[in-house]
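Grab a pencil and let's work through some exercises on a protein model. Try each task yourself before you read its solution.

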Amino acid sequence: MLGRSKLVLGDKSFKDITEDICAPLETLPGKPWLMMFGAAKTTLLFYFGVLFYIAYTGMGTMGVSHPIMWGTDIVTFVFWVGIGHAGTLISAILFLFRQKWRTGIARAAEAMTVFAVMTAGIFPLMHTGRPWLAFWLFPYPNQRGPLWVNFRSPLLWDVFAVSTYATVSIVFWYVGLIPDFATVRDRAKNTLRKNIYGALSMGWRGTNRNWRHYEMVYLLLAGLSTPLVLSVHTIVSFDFAVANLPGWHTTIFPPYFIAGAIFSGFAMVVTLMTLVRIGFPQIKDYITLDHLEVMNKIIMTTGMMVGYAYGSEFFIAWYSGVEFEKFAFVNRAFGPMGWSYWIMVSCNVISPQVFWFKKFRRSIPVMFVVSIIVNIGMWFERFVITMSLHRDFLPANWAVFHFKFADVGVLVGSFGMFFTLFLLFLRAFPMVSMSEVKPCLEVGRDGGGHHE
Amino acid sequence: MKDMQNNNEKKYWKSIDQLENEARFNEMAEAEFQTSPLKSEDGNDGLARRDFLKLMGASVAMSATACVRRPAQKIVPYAKRPEDLVVGKPNFYASVLADELSGAGLIVRTREGRPIKLEPNPANPASPKGISTRMQAHCISLYDPERLKQPKRWITEENFHDRKWNLLTWEKIDDEVIGLLEKENVTLITNNYSSPSRKALIDDFMAAFKGSKSFVWNPLVDSAESSAQERSYGKEVNVRPLFEKAKYIVSVGADFLGEDPRAHEYATAYAKTRNPDGEMSRLIAFEGMLSLTGMNADDRIRVKPSQFIDVLMGLAHEIVVAQGNGTVNSTTKAKLVEFADVAEKLHIDADLFSEIAKDLWKNRGQSLVLTGGTYAGVENAEDLYVAANFLNTVLGNDGKTIDYAKNNYTTINAKQSDLEAFLAELDAKKNKVLIVENLNLVYYGGETVKKAIRDFQDAGGTFIYMGFYQDETGDMADILLPIDHSLEAWGDAEFHKGVYGIQQPTIRPLHNSRSLEQSFLNWAYALQAGSKRLQGSETYYDYVRSYWKSDILKNSKNGQAFEDFWFELLQKGVYGELAENVNLPVRSFKQSALASISSGKAEGMELSLYTKAGIGDGKYANIAWLQEFPDPVSKVTWDNYATFSKATADKMGIKEGTIVTLDVEGQKVEVPAYIQVGQHDSVIGLALGYGRTKGGRVANGVGVDAYPLIKRVDGKPVFAGRKVVAAKTEKFSPLANTQGHNTMMGRQIIVEATLDSYKKDKSAGIHKHKFLESAWGKHEYKGYRWGMAVDLNSCFGCGSCVVACQAENNIPVVGKKYVLEGREMHWMRIDRYYSGDMNNPDSHVMPVMCQHCENAPCETVCPVLATVHDDEGTNSMVYNRCVGTRYCSNNCPYKVRRFNWFALTKGDRPEDTPREAYNPRVTVRSRGVMEKCTFCIQRIHDVKDTAKNENRTVRDGEIKVACEEGCPSGAITFGNMNDPESRVSKLFESQRTYKLLEEYLAVPSVRYQTKIRNAKRENTDHHGEGSH
Amino acid sequence: MPNKNLKVLVGVVALVLIAGLAVFMKPPIGYNQGYQPTQPIPYDHSLHAGKLEIPCQYCHSNASYARHSSVPALNICMNCHNQVKTQSEHIKKLADHYNEGKSIQWQKVHLLPDFVHFNHQRHVRRGVACQTCHGPIETMKEVFQYSDLSMGWCVNCHRKPENNAPVSCSTCHY
């Protein structure tokens, strides 16, 4: 059905496409971009400040305490890793399913993935008591016997999962960029520019063999990253699911986390795309309302999956007959920290319901607001889960989590990091894949059937 | 390698180590006196002795040579090493601690000449097992950086403002004082002491100066007891309750397990009667606040202090009149009839009340009626004692469960009336020299004392303060003299009549201090004044010896030569026995004593001033360990607070931390409120010992000073029963409470059963779970497998173990700010839960430390293998491998792991433990690592070493872990589970044994024995909907 | 062009090998092996322990009954040196220190971190020769650190079945 409507609006020619997409790279940034970048960069510097403060003074500067030993760091880590998923899903899985509509948004989404994962990567490191020794989590030959790592620990699986994911998505993203870099190179006037993009495009000639290898590699990488979409968040969910804590020790976590990840990921894509469309009007023709509508549908669907998960958790808790399990969930909703639970539910389950209406699905302001609400909700989902710690087995230990300056600091700061990178990306890299959009130019033209 | 310098006086040094030979002892002695371990910079041969506490040498200097990749360090050996002192091996010395109103025998553990831990002396018949929290912590006060270090003289210039302290030498001080003593007489007031030698010395000294007066006073000394004895039996005596013989105990406001200075001693005796398989005693507590005794009582009845008298007389009425037991004259009968309707007047269940009376009579001769202490420190406290005496006489307990002659307490020298007498003496201004020793008079006595001293000074008197700190009192002194710590000086103590202990120094005075005794000797000698013994002794050590020779040994039967006796004494630390079974005639009670007793007039809210197990009278308020020690009842640290019953608090709209104004007959204090369930609705409690202004950097500004609220009626202090009006303010100050939630939520945590149901079913109350075969592979233990049994039935929750653990394992203090954030570091905590009716609940306590699980959840999740199982069943924590992911704690169902959120051992905060007090055998943890109970693995290693050297295996009970050692009631037992004969294995077989959170299948190596209450009602709050 | 690919392959393989080799050769980073500081008094083990054959435990007397072997106190040196070789400047220095009751600040050669609780007593009583860890001490004019004292070095010996030594972490770390 999507096939019939146009993927690229405004009867573009190949040349137009190139012009449109290369424009941001070849023109000087305007005020809005500069202002946004300034803001983001300032936040980033602030972020570094906070991180240094924590590393220098100790973890006690954050809200985490006995018995709640994990807090904002882990929550935000899971949050960002989750964001990443949409990118890989769009670029890899939809590619394998030959979804042509992905071409418009794939590049930006992938970029988002890479940056999200980079942002996430900092948290597990910073949350340790002695970050300068965190390299001990990697199994490397050493003079301690040698002393290896504990391969039974989910945290270790995490290290592998996330680092693999980061590597593959970066490579995947980069390979996709090569032909476009070449285009930019060829258009470049001054030599410096020529050399930089020349180097980046790795001597791409656009020859027949180039393309043959390129397609092959791209397909392989897509195949490679597809399982990662599932594996990474599955393993992140194991951090909780493998522990024995009531509220953590749940078999539903892997699918539930992945659904949540895609949910939040798509929300983030929508947020970014709407912004991009405002910032670069010409892009409207490539990232069309159709794209956004499809994503909104996915958001709604995954939103309801997550909602289902919330419900089933309660059922299982009751059905298990374990008193601790039962209590954990009642407490989650009605205990002293119940507020966070209700924020989560209203943001994740209720707000996406507006997308039942086409009018809202296609309204930029609505989707922008909802997408942000959803991401707030998803942050709180991870918060709620982590906070299962606050009331576990022995009531004598019970306590409540209090946010401190550093908690807010790292959360806000991480956005600074993410947006700085993303804004730079918009200016330095082609934000839409020209080489992928061009083949889809004919799709839906003259209402005719499309290729394949 | 004999040391050149010979010091005859030192040749009596003995360690309890029997193996040592005479020569070695002398060496040891020299070691003790050669240098101070703290003088590491002064280049004496003691150089850097302290530094051996790390793996030798620690003067860190980055090396220049390229090949060194670690900071280069120095090794500084002794110039003359005392041969017995083996670097890295502790030496033990027997001593005593008789610092407050009670005493205990000690074994002092020293390392490289540094006392690092105080342990109970098993040879002491009265308190062989545990010592109190304050005694445990007493050790680090030795190293308190804020101790008074130098004699000082207060110089006053014309202009008031440039008064200043001059540091002086002892010679100068002596000159001045001697000059004074030539002309003037002395008024002396000291804190309570139980040392016979000291008493003799002071008497000698006073005798030397006619007209001199000496007083002994302590703010908490309970003089009502002895005066009541006088009133009831015609003879003043401090009796000794024999709990081990009591089958039925009724305590009316007496907190003998908590605030009583001898609680550690009583707990040991009381625990003996709590064996459910034997003849289990029954404890009834009448009290206004919730005390440890009330928490452990089988039945607890809420009564406000002013009505304690009614309870006692009411019981007397029930027994004598209503039930017609015992014989009394008509007037007494008439008096008792006045108390006929006590039960309904106090809203006590009448049946229970008369039942108590019946049981008391049934157990006559084996029952015990107690009162006293601050909780019962009402205006007519003496009447309470008289009534109690009357009951004990009627019941024939006198002489049976109450020892008034054999080993009663003879040496409580302090008298409440001494304060008034002292002030009068001061006012008379006859004596121009005032000496206050080791008694913070101004803090305890408040404005009146302050003024008296000022007047005295203005009238040209000289005020000499011999103290440990420059505290509230010291600040007023003209001459300020530092005194020795009890670990630095010779001395002795008489625990009970006929039971003595010897206090031998374990380290040379760290500062330029001198004990009162030594000063007196020097001054008397210089003035050629006083008895022969006074003149004859050069040092106080000589004096003690001669006193023992002439007075104590004289009384002893054995015709042993004094030297041998002394030799033995120094090894054993204690001399004298407790009478086997006391069976004295019942003294005849003067029934006229009852005449003046009248029913308590109770209107409105009543104040109840009490002392906490940690801080006591406030003397040790500068010891951070005690400030951070969670109160056994409230679990609050770093504060005192006004306690309200739940009902009252709700009525007044008070929450925990709301600041309230207490108005006690005009005196107002503002203090945060604490809601204490189980407290009487018209009682407000407030702890003494806080609100120090010159107590030191730790003590100052913690809590509010409640001493001004003590009313003194003709010399008797009134702690309880004063009318108080509480008003809520809008201000709020959070209390650093270490426990989040106070009920068990129907989970099987502390299992409790009544005696009856236990008699029917030994495993009563334990909810058994059915398990499938565990999927885990079992660990194999070829040699030892360490386990610990905690008998909840003999754990009274005093918390002595908590401090013992802190002392042994270098556990840092975090301070109020961080306790509020839940960052306290205690490896061992005592969980306290309430159940049943929240107006008068059952209280349950449970020590929780790392359970050393067989299937330890923490081990599987640590990514870097920093916490692993070792081959003897303990779960070891490798600090240096830990990167601090804190996953282990998340996965620990008991949440016994503690994380170093900050660097707390740098010694840059007042709360930090002095470096010298660290135990060299335990790694000091850095910031960012996890820590937890290790089963005192360093002790395990040491004992195993000894065993291996002797080619044998470790004997059962040979390893004593710190908490076990600190526990007065012997609730904790540590041993080898693989040995079927060991005490733990035996205990684990008992049907009372259960595992905490058994259904979790972690299979802890720490197992608990159910608490048995000798009560009628069945406890309902257990394991509501059980999981199977 | 297969030979080109071959070149690449060879290159990669070579790189991997070198990297692997480098790693498994265990460069002694952070270990003081061979550390030989100059001491305030050039005490000569090769003379005392080697030529004169004074048993190690004459001076390091604690080794067999304490965790620390402990550097001898000055009075032990003086046992002999108040007769022997009293004229040498070094001995003079020693004597002076001793008489003033001062100690000598030796440079520490073997630096174990504080969190490693090594126990000489156990090893000595087990009959482990001093040389096993400290090397041919009797030939050293100036003492240097013979073994790298890394954890691996300890554990590899503990692991040998014939030693049946404990290998729990808590054996040394607590």
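**Exercise 1: a small sheet**

Two bridges connect strand E19 (residues 499–503) of chain B with E20(B), and these two run antiparallel. Before we go on: this is a predicted model, where local features need pLDDT of at least 70, side-chain atom pairs count only at pLDDT 80 or more, and totals for chains, interfaces and linings use all residues. Residues are numbered from 1 along each chain as its sequence is written, chains are lettered from A and ligands numbered from 1 in the order in which they are written, and side-chain values use heavy atoms, leaving out hydrogens and water.

Task: work out which strands form the open sheet and in what order.

Solution.
- Step 1: know your terms. Strands (E, at least two residues) and helices (H or I, at least four) are DSSP runs, numbered from the N terminus, and two strands pair if DSSP finds at least two bridges between them.
- Step 2: look at a pair of residues. Tyr500(B) stands opposite Tyr575(B) in E20(B).
- Step 3: put the strands in order. The open sheet has three strands, E18-E19-E20 of chain B, with antiparallel pairing.
- Step 4: find the edges. Strands E18 (491–496) and E20 (574–575) of chain B each pair on one side only.

**Exercise 2: around strand E17**

Task: find which strands pair with E17(B), and whether each runs parallel or antiparallel to it.

Solution.
- Step 1: strand E5 (residues 152–155) of chain B is joined to E17(B) by two bridges, and they run antiparallel. Here Arg153(B) has Ile479(B) as its bridge partner.
- Step 2: strand E16 (residues 462–467) of chain B shares four bridges with E17(B), this time running parallel. Ile464(B) stands opposite Ile479(B).
- Step 3: check the faces. Ile479(B) and Leu481(B) on one side, and Leu480(B) and Pro482(B) on the other, are all buried (under 20% relative accessible area with a 1.4 Å probe, protein chains only; exposed is over 50%, partly exposed in between).

**Exercise 3: cysteines**

Task: how many disulfides does the structure hold over all chains?

Solution.
- Step 1: a disulfide is a pair of cysteine sulfur atoms within 2.5 Å.
- Step 2: try Cys882(B). Its nearest cysteine sulfur, in Cys888(B), is 6.4 Å away.
- Step 3: try Cys933(B). The closest cysteine sulfur, in Cys850(B), is 5.5 Å away, so that is too far for a bond.
- Step 4: the count over all chains is zero.
- Extra: Cys882(B) is buried, at 6% relative accessibility, and Cys933(B) is buried at 10%.
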